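The following exercises are to be worked with the sequence and the coordinates at hand. Each task is followed by a solution in steps.

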Amino acid sequence: MNNDQVVNAPATSNRLLEIVDTLAKEMHADEHAPGQVKLDTQFERDLGFDSLTRAELLARIEQTFHLHFPVDTFASATTPADLLRTLLTAAAEPVPELLVTGHARAEPAGAIDTPQNAGTLIEALQWHVDRHPERTHVVLLEDGVTPTTLSYGALHRGAMAIALGLRARDIGPGDTVALMLPTSFEYFVSFIGIMLCGAIAVPIYPPAQASQLEDHVQRHTALLSNAGAKMLIASLQVVSVARLLRLHVPTIEHVLTPADIGTDLTEEPVMPDPQNIALLQYTSGSTGNPKGVMLTHANLLANIRAMGQKMQVNANDVLVSWLPLYHDMGLIGAWFAPMYFGITLVVMSPLTFLARPERWLRAIDRYRGTITAAPNFAYERCARHLDEADLDGLDLSSLRFSFCGAEPVSPDTMRAFAARFKSYGFDEHALTSVYGLAENTLGLTFPPPGRGLRIDQIQREPLGTTQKALPALSGNHFIELVGCGQPLAGSELRIVDANGLEQPERHIGRIEFRGASATSGYYRNPEQTARLMCDGWLDTGDLGYFGDGELFITGRTKDMIIRGGRHFFPQELEDAIGRLPGIRSNCVAVCGSTDPSNGTERVVILAETAETNSSVRAQLVAHINAVTIALLSAPAEQVSLVPPLSILKTPSGKIRHAATLELFQRSGQRLAARPLWRQLVDLARDSIAPVLRRGARQVAHIAYGTYCWAALAAIAPVVWCMVVLHPNTRRNWQLSASACRLFLRMAGLQVETNFDPRTIGQERVIIAANHTSYLDGLVLLAALPQPVNFVAKRELYDQRFVGRFLRAIGTCFVERRDYRGSLEDEARLIDRANADDTLLFFPEGTFSRAAGLRTFHLGAFRAACVTKRPVIPVALAGVRSILPDGNWLPRRGRIALTLLAPVVPHGDNFAAVTRLRDDVRHAISLHSGEPELTSNSMDPNA
């Protein structure tokens, strides 16, 4: 060997890593990002290098360094560091401890580099991890003051640990996993971990107060049942509520805290596709008909990019938020967007804001926040309910965007906030109203940066009678509405009347939209999806108008009240009543109710108050009537004062008008909070039936599984004796196949077989099948039209019962652990293939409980290329769910076995082998219903 080539340890290290990296790229194509290989990367675990791939690696290293490795030495190497040590030892040099680290690029002030080619949120995260893993992503202020930080690398490592733990519990692509966690690092890593499984996240909120526990359980039972949630991840504080939900939702198999999930390094993560559903965002609705908005990775990135373009996000931006992470504004706007753009998120719990709202403002000051967002009530609270002592020394001059959204925006509140904090450096042009909804991922309209509020004053009378938004004249009664800006890039907006005809400016109608951020519908809810969509446009459920190209919202369609031919919305009246002394702000519901006697619309006002004195309460009712007459020119038909925490709200704080009115009427026009003990008793009573049903299903499962084993025990010994004592492997195969078909009939398991016509008449072939369960061999024996030679691991050869049976039906065995032995067995397989034997491989080598195609080993495809035989892919579907890994009792189910068109090899070099493998794997993935798993980044500690 030329010592000059290896005497420079760093140069040798870099050249070696380049060789491994190039081979990994050839192996995994688009799944492997250049530069990922490190000295401690493990060939098998992290890169999926099997014996043939390592042989190719050996040849390339020997050619580069003009060195002959002893086979035994190379076989024992598990990482590039082991190979480097051999190289440097051969050069008679000491082996230094080498570390390969990534370095973040220095970026010019204000410039921002983003993952523009990322197709999923996971790819965007990986982009940042590859470039600057130590960059701070989140600063968590658990008490609103004390910071702890989370880097991009730490987020990815933690999420990978969660992902592998979930995969080990059978969570895979398409499964839904609910999150009921507070704002915490556990929330961030758990959410990304779910995505790394290819699963669908379902963020839900924990119970706000004990007085509404029953309502919380009822709403979330319907929600989680609609989602078909397979697992519920909950914090330790609410795990008892989570277990209560599990009693009512039969699909939930596990209730775990993040600490319980653990890690299983034998599993492989899943790289989601841009069109895969990333999360379900459940919107406000009745308890019986929850609406889960399906948002794909493509939807998320389209909306995030459009919002960032409008806001002109730059590298100096810092977003400060207390918004709840189970709501789209906090989840997508305040977390996903900073994660994509690489800017810092400073976050605190919503409970911190509610208890100490000044800490939100202090965090903006301390971290020089440039972007923040909150609903109207937060600005109202800061504008009117903070003491000057809480604001001493406050500096808000860094803010360039202060959004208001998620609920109706009050012009008075906005003006009050801007006026109060002007002396603290707040720029009134930073304050702006935006409009969006979960059905469009998040944002739909934004104003331009630095413009500030635009308030439209319109005549009250035409608004109610002709549905026109005419500009107010001097001295007119007017209503003020806040402008929400123009549609974001990639989204279109229109205003239509009841007949779907597009309306001109200042004509009020339904707001409809379409675009790249728009959902494809509601999860498992075709009826509501049909109502949402019409001719490619989606109905927001809101009414509004365009004024000079800007969108103004007048109210929700379902909340609009028609009285005496006049249309009005409850928000203005609710806001006015909420300002009365003694009435709780944002705790007033103005509802429209049909009078059963004459069918006319009645106005019912429900207002929360803590007052108990009868004379004071009578005065409050009089004040409410006075405000109502001033705004509606007539009193309400009914005014009722209700106790605090009686009015139902959505997670974002909006009044649930219909549900509150229904509860009010059902409870005899009383909304007193029910005692906790009574709620618990009712919940326990309601849990009896679900518990009995779950128990009955478990008993039936045990009975069926026991019956299957009994049937197998009746057949297997006789067949085993008849097979192992006879020398004719073809006859033994046919006898075994008949026995397998008999067992499947006795177990009631139907196998649907599908044969591509191009497989008929193919004799000199190699077969490759996906591996999902211990039942795979039995199903293949029963369904394949002619005998084949299974290829199995050598560990089975010497097993007394299984080994003798496999040998008797012509099985070939290969060594997997010993490097030299594996090469010898590969050579023997090629000889068998040349001798016209039909070999059937399971290229994954093993299987796991969780769905997904693991990395394919190259043996089958090397044999096919050398012998110039086509490979017939066989896709098995449904077998894994019948007998998943770790279970010994089969379940009922349907099995599909599909023989696909032959895939012909093109050449016999390494590139041809990997191409053949990838083509076969992709074909099996399409027909098995399982995704192709990635072999990259499997180690959460890497």
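**Exercise 1. Charged pairs in a helix**

Is Arg915 buried, partly exposed or exposed?

Solution. The model is a predicted one, in which local features need pLDDT of at least 70 and side-chain atom pairs count only at pLDDT 80 or more, while totals for chains, interfaces and linings use all residues. Residues are numbered from 1 along each chain as its sequence is written, and side-chain values use heavy atoms, with hydrogens and water left out.

Step 1. Buried means under 20% relative accessible area, exposed means over 50%, and partly exposed lies in between (1.4 Å probe, protein chains only). Arg915 has a relative accessible area of 48% and is therefore partly exposed.

Step 2. Arg915 and Asp919 meet through their side chains in a salt bridge, at 4.0 Å from N to O; the term denotes a side-chain nitrogen of Lys or Arg within 4 Å of a carboxyl oxygen of Asp or Glu. Asp919 is likewise partly exposed, since its relative accessible area is 37%.

Step 3. Both residues belong to helix α29, where they are four residues apart, about one turn of the helix. Helices (H or I, at least four residues) and strands (E, at least two) are DSSP runs, numbered from the N terminus.

Step 4. Compare the pair Asp918 and Arg917, whose closest N and O atoms are 2.7 Å apart in a salt bridge. Asp918, at 27% relative accessibility, is partly exposed, whereas Arg917, at 3%, is buried.

**Exercise 2. A salt bridge between distant parts of the chain**

Determine which parts of the chain the salt bridge of Asp548 and Arg454 links.

Solution. Step 1. The closest N and O atoms of Asp548 and Arg454 are 2.9 Å apart. This is one of the 26 salt bridges that the structure holds.

Step 2. Asp548 is in the loop between β22 (537–547) and β23 (550–556), and Arg454 is in the loop between β15 (443–446) and β16; the two residues are 94 residues apart.

Step 3. Asp548 is exposed, with a relative accessible area of 59%, but Arg454 is partly exposed at 22%.

**Exercise 3. The sheet that contains β30**

Which strands stand at the edges of the sheet β29-β35-β34-β30-β33-β31-β32?

Solution. Step 1. The sheet is open, has seven strands in the order just written, and shows mixed pairing. Two strands pair if DSSP finds at least two bridges between them.

Step 2. The edges are β29 (750–755) and β32 (812–814); each has a single partner strand, so one side of each lacks a neighbour in the sheet. From one strand to the next, the twist averages 25 degrees.

Step 3. Strand β30 pairs in the parallel sense with β33 over three bridges and runs parallel to β34, to which four bridges join it. Ala768 stands opposite Phe841 in β33 and opposite Pro873 in β34.

Step 4. In a regular strand, side chains alternate between the two faces of the sheet. Both faces of β30 are covered, with Ile766 and Ala768 buried on one side and Ile767 and Ala769 buried on the other.

Step 5. Helix α29 (residues 910–928) lies across β30, β34 and β35 (894–899) and runs at about 30 degrees to β34. Here axes are lines fitted to C-alpha atoms, for helices over the stretch in contact, and angles run from 0 to 180 degrees between N-to-C directions; contact means heavy atoms within 4.5 Å.

**Exercise 4. A second sheet and an enclosed helix**

Describe the sheet that contains β11 and β12, and establish how helix α16 is placed.

Solution. Step 1. Seven strands form an open sheet of mixed pairing, in the order β2-β1-β10-β9-β11-β12-β13. Its edge strands, β2 (147–151) and β13 (431–433), each pair on one side only.

Step 2. Strands β11 (residues 371–374) and β12 (residues 401–404) are parallel and share four bridges. Thr372 has Ser402 of β12 as its bridge partner.

Step 3. In helix α16 (residues 411–421), eight of the 11 residues are buried, so the helix is largely enclosed by the rest of the structure. Among the buried residues are Met414, Phe417 and Phe421.

Step 4. The buried residues of α16 pack against α14, α15 (376–384), β12, β13, β16 (455–459) and β17 (478–482).
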